[in-house]
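Good morning, and thank you for the opportunity to speak. I would ask you to look at the structure on the screen before we go through it together.

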Amino acid sequence: MTTQATTSSLDALTSLSKRRGFIFQSSEIYGGINGFWDYGPLGVELKRNIKEAWWDDMVRCREDVVGLDCSIIMNPQVWEASGHVGGFSDPMLTCRQCRRHFRADHMDDLIAQSEWIASLSEAGDADENGMLTLDQAKLERWIRKRGRKQAKGMALVKDATTHLEAVARTIGEAPRALRDVLVVLGMPGLPDESDPIPCPFCGGDLTAPRQFNLMFKTHIGAMEDHAATAYLRPETAQGIFCNYRNVLDSYRIRPPFGIAQIGKSFRNEINPRNYTFRSREFEQMEMEFFCHPDEADTWYTYWRDLRYNWYIKLGLASEKLHLRDHDPDELAHYAKGCADVEYDFPFGTSELEGIANRGDYDLTKHQEHSGKDMRYFDDQTRERFIPYVIEPSGGVDRAMLAFMTEAYSEDEAPNDKGVMQKRTVMKLHPRLAPTKVAIFPLVKKHGMPEAATQVYEECKKAGVVAFYDEKGAIGRRYRRQDEAGTPFCVTVDGDTVSDGTVTVRDRDSLNQERIAAAEVPAFVAKHLRSE
Ligand code: GAP
């Protein structure tokens, strides 16, 4: 029986991920660096397969989308025109005690993850609705024990004698929601200050929110002055808008058409967190689809549904995948429609990809700032117009995290002696799996290694990514490949040498079937399609 419950454990996934070489912390030997990740031998293959699947489905298999690869650093005027210099910022709070920074709009999540806030239930009695009645004696005990350890920066913990009485007066006997309790404990102004929730990490006093621009700055050339300032791109999209005219003028294509790009983007996130989900360096897969304004609604619906189904076809078929249309009050001021593809990660439901109808906002802005005409002249209708843009914009790292979360399962499989044992298996779609087939000689003699090597070579020749392994008990070799997500294992045994057949074991069903050794490449290739 497969236990989906274990998939909710991010710890189990990160541990497998490190153990098998999917994802490592960046610069780990120096203690790491927050918000940056490295992809190991299996991880880089999985990531490449996700990008290849996207590129094949979005560019190569279509006649109306072409590709592009732009530089990461662009003329800084691009970011003035796009609005990123003026407006690409998040509200940030800083703790006056521990100096940590927090995104003001993430406070509820941070409260939910805070150790000291979780232990606050010991300072009173909570009812089933999460309402807490603080109890003076219990609060004092909490301050002395948990509070001193976990909320060192809190005024109440540092100086209970001065503050306890004021807290008792304000709290009274009334049950309060956790947020209200925190406002009171936020000291020293007590309620109705401007949201004085204490630091979720140490309990210290937080500053008022300040806007923090997320673009990484650098300098071009030898002088580090203002004139030399440049930015690492925070999205790949602007490179596409800047090249829209070049593509139109150089390539025989006309609206409706799209330009796609995959590449690195950089955002100086205030709180990088949830493993690779919110990183400071990440990859995007973006496509800008240029169409006549009258056709924009139809194309928006088309791309929204197509992108949602893309994740399903590659394995996110469970009830954890959602397509959520934005409410009108959530839309950016220029957006005419927007939807998110969301996934239920172990840390909550979050966005994998956004699909937006951006209207003519971006091309109009670049026309204004660059002085270049961004209108398209349709020589059949004699109409001149700025195309509307439909943008499906996804993150490679987030897609990979979702595919890995979905794939992670624990079940039971027989060991070498036929005894059922717990196994961990990554049930990745064969198209995404880093290795497609593993080939094992049963023993290292009687011609089996030679026969297995031949199957391995034939797979490589056919472009099927294969792995050869002759070390250790066969059961252990299977387990390693299960954790790597390899969909098929081929065992070469005594019969192979006499009748030319091999055993193919299916990773998910554990079914074994006998096929001709010469058919292995075609057998595996047949399963790599996702349609
Ligand atoms: N051009 C539109 C745009 O960039 P976005 O919603 O800011 O829109 C698009 O980003 C996608 O890029 C997100 O859906 C997400 O998958 C990915 N992404 C954004 N910020 C990220 C981060 N800090 N870490 C990892 N992926 C991120």
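I shall describe the chain as a whole, then its domains, then the surroundings of the ligand, and finally one aspartate.

Please keep in mind throughout that this is a predicted model. The chain contains 18 helices and 26 strands. Along the principal axes, its C-alpha atoms fill a box of roughly 90 × 75 × 50 Å. The chain has 531 residues, and 51% of them count as buried. Its accessible surface comes to about 25400 Å², and carbon and sulfur atoms account for 49% of that surface. If we take the contacts between residues at least 6 apart in sequence, 65% of them join residues at least 24 apart.

Let us turn to the domains. The domain assignment gives domain 1 in three segments, 8–13, 42–88 and 216–404. Domain 2 covers 93–210, and domain 3 covers 435–530. Between the C-alpha centres of domain 1 and domain 2 there is a distance of 40 Å. Where these two domains touch, six residues of domain 1 are in contact with seven residues of domain 2.

Next comes the ligand. Which residues are the closest to the ligand? They are Glu235, Arg267, Ser279, Glu286 and Glu351, out of 18 residues that surround the ligand. This shell is made up of nine charged, five polar and four nonpolar residues.

Several side chains place polar atoms beside the ligand. For arginine 267, a polar side-chain atom is 2.8 Å from a ligand oxygen atom. Glutamine 284 has a side-chain N or O atom 3.1 Å from an oxygen atom of the ligand. In the case of glutamate 391, the partner is a nitrogen atom of the ligand, at 2.9 Å from a polar side-chain atom. On its own the ligand has 560 Å² of accessible area, and the protein covers 88% of it.

Which elements give two or more residues to this shell? They are the strands β13 (281–291), β16 (348–359) and β19 (388–395). The most comes from β19, which gives four residues.

I close with aspartate 411, which is found in strand β20, residues 408–414. Is this aspartate buried or exposed? Aspartate 411 counts as buried because its relative accessibility is 7%, and the cut-off for buried is under 20%. Its side chain makes a polar contact of 2.7 Å with the side chain of arginine 423.

Thank you for your attention.

Technical notes
Residues are numbered from 1 along each chain as its sequence is written. This is a predicted model: local features need pLDDT of at least 70, side-chain atom pairs count only at pLDDT 80 or more; totals for chains, interfaces and linings use all residues. Side-chain values use heavy atoms; hydrogens and water are left out. Buried means under 20% relative accessible area, exposed over 50%, partly exposed in between (1.4 Å probe, protein chains only). A polar contact is a pair of N or O atoms within 3.5 Å; within protein, one must be able to donate a hydrogen and the other to accept it, and residues adjacent in sequence count only if both atoms are side-chain atoms. A residue is near a molecule or strand if one of its heavy atoms lies within 4 Å of it. Accessible areas come from the Shrake-Rupley method with a 1.4 Å probe; for residues, only the protein chains shown count as cover. Ala, Val, Leu, Ile, Met, Phe, Trp, Tyr, Cys and Pro count as nonpolar, Asp, Glu, Lys and Arg as charged, and the others, Gly among them, as polar. Domain bounds come from an automatic or database domain assignment. Contact means heavy atoms within 4.5 Å.
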